[in-house]
Amino acid sequence: SQITTLINHKDKPKRSDKTLQAIQRVGQAVNLAVGRFVTVGEAIANENHELKEEMSVACIEARRAGETIAQLTDVASLDHPESDSHITIFTDKTGVVKAARLLLSSVTKVLVLADRIVIKQIITSRNKVLATMEQLEKVSSFQEFVQIFSQFGNEMVEFAHLTGDRQNDLKDEKKKARMAASRAVLEKCTMMLLTASKTCLRHPDCESARINKDGVFHRMRLALEQVIEIVTDSRPNGENEMAPISIYSGIKEFKNKVEGLRENLYFLSKENLSAMLEVILEHTEDFTDSAYTSHEHREHILELSKQAKMELEQLVSVWMQAQNQKTKDLMEDLEVAILKTCQCMNELKREVHSAATSLAADLLKYHTDHMVLKALKITGGEGNLEAVAEYTCKLSEQKEQLVEMCRLLRHVSGTEPLEITCIHAEDTFQVTGPQIISAAETLALHPTSKIAKENLEVFCEAWESQLSDMSMLLREINDVFEGRRGEKRVYLSLPRPGKHNANLKALKPVKLDTEEQAKIAKLGLELHLLTSDVDSETEKWEDQENEIVQHGQGMSSMAYSMYLFTRGEGLLKTTQDLFHQAEIFAAEGTKLASALHAFSDQVPEDDKTLLLLEAEKLVSMCKQLQLTAKASVQGKSATFTKVDACILKTRNMMTVLCQLLPLCCKLLRKNKAGNGCLKPAPPWREDRIQTGTNVHTPERRTETFGIKSLENHVTNMTFLERK
């Protein structure tokens, strides 16, 4: 951004001292930043000899380009730079452009080389883990197992740190979700591998114990392979990943195509549109053919599927006529057909969502007592093979129900990361069910074995943990469907029609028509971008419990719901909902201003003045928004004007918030540094292992995939029996 500022500066005949100083400051800032960047690059080069030469060349080029930019922008001390023999940005604009290109090219090269090193570290770590796993599979004595597992544990901890850092660095949410799923498998399987191997060593002739152990090793290898696929962005044998299409994503794409007919009547064929609907309706058969879908839901889905075909036929008929003759009446008929088709698809989406989530809620509630698992532990401990066989059949039935639940939830999950989480959950139930059965059979054959009992306990805990995760997943899916951001922070006090305001009964709720929504779409988009900026700024704060951060997060979440309103989505269904949300948003802004006043007492006098000015500006804007939101209006035109004003004022407040958050964060760091509380930045290597995770942040809690518990297992190996 600094380089862009330099390249785009205006070549005015008159140049004030202020302009000259600003240009010099930017040039110096670029050079300093390059210097810091190159220092890290050189440190990486010294640790990785195979890429040292390439990295060193790229670092030298970057440093040279940074110094050139600093020299060309050294203009603050020159009264008449154009008449001076000294070459500057004013006399050699081309030189700055060349230096900038060289700098960006060399910086990109350094980043690519550093990335190659990280990938190589992960692959090397994976290879170590695989080699040790092969040794663990072949051991025949407890003593040998203890030694090798201790080494394996340390290698898994290292792999956990490396892949955790990589997961945090991934920009693609889909890859991030796949990485999280693979690492979750490795976390659980590491503990399973320990107890399954011990059981096999204690009972070497037991077939069910061997099957149990082999299953764990196989699953770990698959998870390790998937991590490498994600990291290297490749598939075995060059095959492409074919993700199954969900009903939710199918309907979304279908609606986009249908709505696109408003702009262009010729951009797709009727056969293409019909084929898309056919695929969606084929997927609804997963619901209508399921033994677990209620009769009522099945009937509604079939009815809506039939209606969707009829609406599409009507749409195609009007569409074909409009292609031949664009009359006003035909275009109005086309608009009606588009709206009816989209409405039908929305109802179908709502129906399958209701079918999947109600089934999931019922199943999770029914299985919350874990009666089958408890019975398996008891009957296995009693050596009752007949009873164990009876309860394993019940567990198999339960597994089939839960697998079906995951398949149906995937169709309505709403986002690719949640789809991947559903697929991971389905795999977990598919694999863990048979493993519990083999562990229970082993215990029934050896009812006095403490190791067999412990092994069954570990697999049962994995099952219970996955059921618990499903409850959280269900909440996230519902959040996304209702317009709340399932993967982001959620502001829970969103208004419901007629619930929060006594005056709502007297007011007639109004919905915006398509034309009005189009008019405010641009404002809504700006609001959406600002919420992303605010979320990005709040994530930079070390203390997520800080009052300023929490108010900022609340305002961002409410602004996001207002953005969804401009798209005709989310919880805010009517204009009255929007006005009430604007009032709550303004009230939250007032609370933020109070928090800023309190914070201003902790900062130096110079900074305090600036902070108080911004706080007062925010208070004034909050009052204006509240007055606008509470103002009484009559008629459709006046209502739309009020909607427009509310969103505009919200956008302006979010702009101020975007400026306030980095300012407060900077002042807080400055204040801490003054008190000697700010820790120095760690060196590159030691690095990301120590600083890559923050155990206090909920969403980062699982990043190291149970590293602490894994380390405890490694250091407490003495409990292994040596008999």
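1. A residue is called buried when its relative accessible area is under 20%, exposed when that value is over 50%, and partly exposed in between. Glu454, with a relative accessible area of 28%, is therefore partly exposed. Please keep in mind, while reading the points below, that this is a predicted model.

2. Glu454 does not stand alone, for its side chain meets that of Lys198 in a salt bridge, with 2.9 Å from N to O. This pair links distant parts of the chain, since Glu454 belongs to helix H15 (residues 450-481) and Lys198 to helix H6 (residues 173-202), 256 residues apart. Which label, buried or exposed, suits Lys198? Lys198 is buried, because its relative accessible area is 1%.

3. Helix H15 also takes part in a second pair, in which Lys377 forms a salt bridge with Glu457 and the closest N and O atoms are 2.9 Å apart. Here Lys377 sits in helix H12 and Glu457 in helix H15, so that distant parts of the chain, 80 residues apart, are again linked. Both partners are partly exposed, with a relative accessible area of 24% for Lys377 and of 30% for Glu457.

4. Helix H12, which spans residues 371-382, also holds Lys374, a residue that is partly exposed at a relative accessible area of 45%. The side chain of Lys374 reaches the backbone oxygen of Asp369 at a distance of 3.2 Å. A student may also wish to locate Tyr391, which is 17 residues from Lys374 in sequence and 9.9 Å from Lys374 in space, taken from C-alpha to C-alpha.

5. Another salt bridge joins Arg166 and Asp115, whose closest N and O atoms are 2.6 Å apart. Because Arg166 lies in helix H5 (residues 142-169) and Asp115 in helix H4 (residues 93-138), the pair ties together parts that are 51 residues apart in sequence. The two partners carry separate labels: Arg166 is buried, with a relative accessible area of 10%, whereas Asp115 is partly exposed, at 30%.

6. How many salt bridges does a search of the whole structure find? The search finds 23 salt bridges, and the pairs described above are among them. In addition, Glu207, Arg210 and Asp214 are linked in a network of salt bridges.

7. As for cysteines, the structure holds zero disulfides. Among the residues to look at here are Cys59, which is buried with a relative accessible area of 0%, and Cys646, which is likewise buried with a relative accessible area of 0%.

Definitions and conventions: Residues are numbered from 1 along each chain as its sequence is written. This is a predicted model: local features need pLDDT of at least 70, side-chain atom pairs count only at pLDDT 80 or more; totals for chains, interfaces and linings use all residues. Side-chain values use heavy atoms; hydrogens and water are left out. A disulfide is a pair of cysteine sulfur atoms within 2.5 Å. Buried means under 20% relative accessible area, exposed over 50%, partly exposed in between (1.4 Å probe, protein chains only). Helices (H or I, at least four residues) and strands (E, at least two) are DSSP runs, numbered from the N terminus. A polar contact is a pair of N or O atoms within 3.5 Å; within protein, one must be able to donate a hydrogen and the other to accept it, and residues adjacent in sequence count only if both atoms are side-chain atoms. A salt bridge is a side-chain nitrogen of Lys or Arg within 4 Å of a carboxyl oxygen of Asp or Glu.
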